[in-house]
Amino acid sequence: MIENHSPLKSVRNVLGTDLTVCGTDPVTGYSRDGFCRRLPGDRGNHVLCAVMTQEFLEYTASQGNDLSTPIPEFDFPGLKPGNQWCLCILRWLQALDAKCAPPVILEATHESALEWVDREVLEKYATQKP
């Protein structure tokens, strides 16, 4: 469990403020530090912080990325509705087209998401951290 929930200074979110942690239970992020941000080697661009829904979890599994099933050898507990998770921006856009995009936490979504989707679209799907 990550104890430090402070924002990353000088790393910006889609609102132009300091990026905040997305999820720590389970720990998310390409580097498993709780933050969604662009990092070297992350070809999936896990920059969007989303709140999982059953509909999205079923959709992504149907697309070949089962996020619900635990994978103990990778210390992955499997996701449940309500978990906050860093998604590949292109998967979220696919889910948007399929009308099952999960809610987005803008404060924890890296500014580079705006290279793929307009802020106004993200704002339509915005939710607050619990």
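Which helix and which strand each supply at least two residues of the lining of the largest pocket? In this predicted model, the elements that do so are α1, residues 54-62, and β4, residues 84-88. The largest share of that lining comes from β4, which contributes four residues. The pocket has a volume of about 310 Å³ and is lined by 17 residues, among which Arg32, His46, Leu67, Phe76 and Trp85 lie nearest its centre. By residue class, the lining divides into ten nonpolar, five polar and two charged residues.

The strand that gives most to the pocket lining is also mostly covered, since four of the five residues of β4 are buried. Its partner is β3, and the two strands run antiparallel, joined by five bridges. Within this pairing, histidine 46 stands opposite cysteine 88 of β4, and cysteine 49 stands opposite cysteine 86 of β4. Like β4, strand β3 is described as mostly covered, with five of its six residues buried. Histidine 46 thus appears in two settings, as a residue set opposite β4 and as one of the residues that lie nearest the centre of the largest pocket.

A second antiparallel pairing is found between β1, residues 8-12, and β2, residues 18-19, where two bridges are present. Arginine 12 has aspartate 18 of β2 as its bridge partner. Five residues lie between the two strands of this hairpin, and glycine 16 adopts there a positive phi near 90 degrees.

The loop between β2 and β3 holds several residues that merit separate description. Proline 26 belongs to this loop, and the peptide bond that leads from aspartate 25 to proline 26 is cis, with omega near 5 degrees. Arginine 32 is found in the loop between β2 and β3 and, although it is not a glycine, has a positive phi of about 55 degrees. Arginine 32 counts as partly exposed because its relative accessibility, 44%, lies between the limits of 20% for buried and 50% for exposed residues. The same residue, Arg32, is one of those that lie nearest the centre of the largest pocket.

Arginine 37 also has its place in the loop between β2 and β3. With a relative accessible area of 15%, arginine 37 falls under the 20% limit and is therefore buried. Its side chain is joined to that of aspartate 33 by a polar contact of 2.7 Å. When neighbours within four places in sequence are left aside, the residues in contact with arginine 37 are Leu8, Val11, Leu19, Ser31, Asp42, His46, Val47 and His110. One of these contacts, His46, is again a residue that lies nearest the centre of the largest pocket.

Helix α2, residues 89-97, has among its residues Ile89, Arg91, Trp92, Leu93 and Ala95 in buried positions. The elements that cover the buried residues of α2 include β3, α1, β4 and α3. Among these covering elements, α1 and β4 are the two that each supply at least two residues of the lining of the largest pocket.

After α2 comes lysine 99, which has a positive phi near 65 degrees and is found in the loop between α2 and α3, the latter spanning residues 119-124. Lysine 99 is exposed because its relative accessible area, 71%, is over the 50% limit. The C-alpha atom of lysine 99 is separated by 9.6 Å from that of glutamate 55, although the two residues are 44 residues apart along the chain.

A further positive phi, of about 55 degrees, occurs at aspartate 75, which is not a glycine. Aspartate 75 is found in the loop between α1 and β4. At 70% relative accessibility, over the 50% limit, aspartate 75 therefore counts as exposed.

Note on methods. Residues are numbered from 1 along each chain as its sequence is written. This is a predicted model: local features need pLDDT of at least 70, side-chain atom pairs count only at pLDDT 80 or more; totals for chains, interfaces and linings use all residues. Side-chain values use heavy atoms; hydrogens and water are left out. Two strands pair if DSSP finds at least two bridges between them. On a 1 Å grid over the protein atoms alone, a cavity is a set of points where a 1.4 Å probe fits but cannot get out, and a pocket is an open set with protein on both sides within 12 Å along at least five of seven lines; lining residues have an atom within 4 Å of a point. Grid points are joined across faces, edges and corners, and a volume is the space filled by probe spheres set on the points. Ala, Val, Leu, Ile, Met, Phe, Trp, Tyr, Cys and Pro count as nonpolar, Asp, Glu, Lys and Arg as charged, and the others, Gly among them, as polar. Buried means under 20% relative accessible area, exposed over 50%, partly exposed in between (1.4 Å probe, protein chains only). A polar contact is a pair of N or O atoms within 3.5 Å; within protein, one must be able to donate a hydrogen and the other to accept it, and residues adjacent in sequence count only if both atoms are side-chain atoms. Contact means heavy atoms within 4.5 Å.
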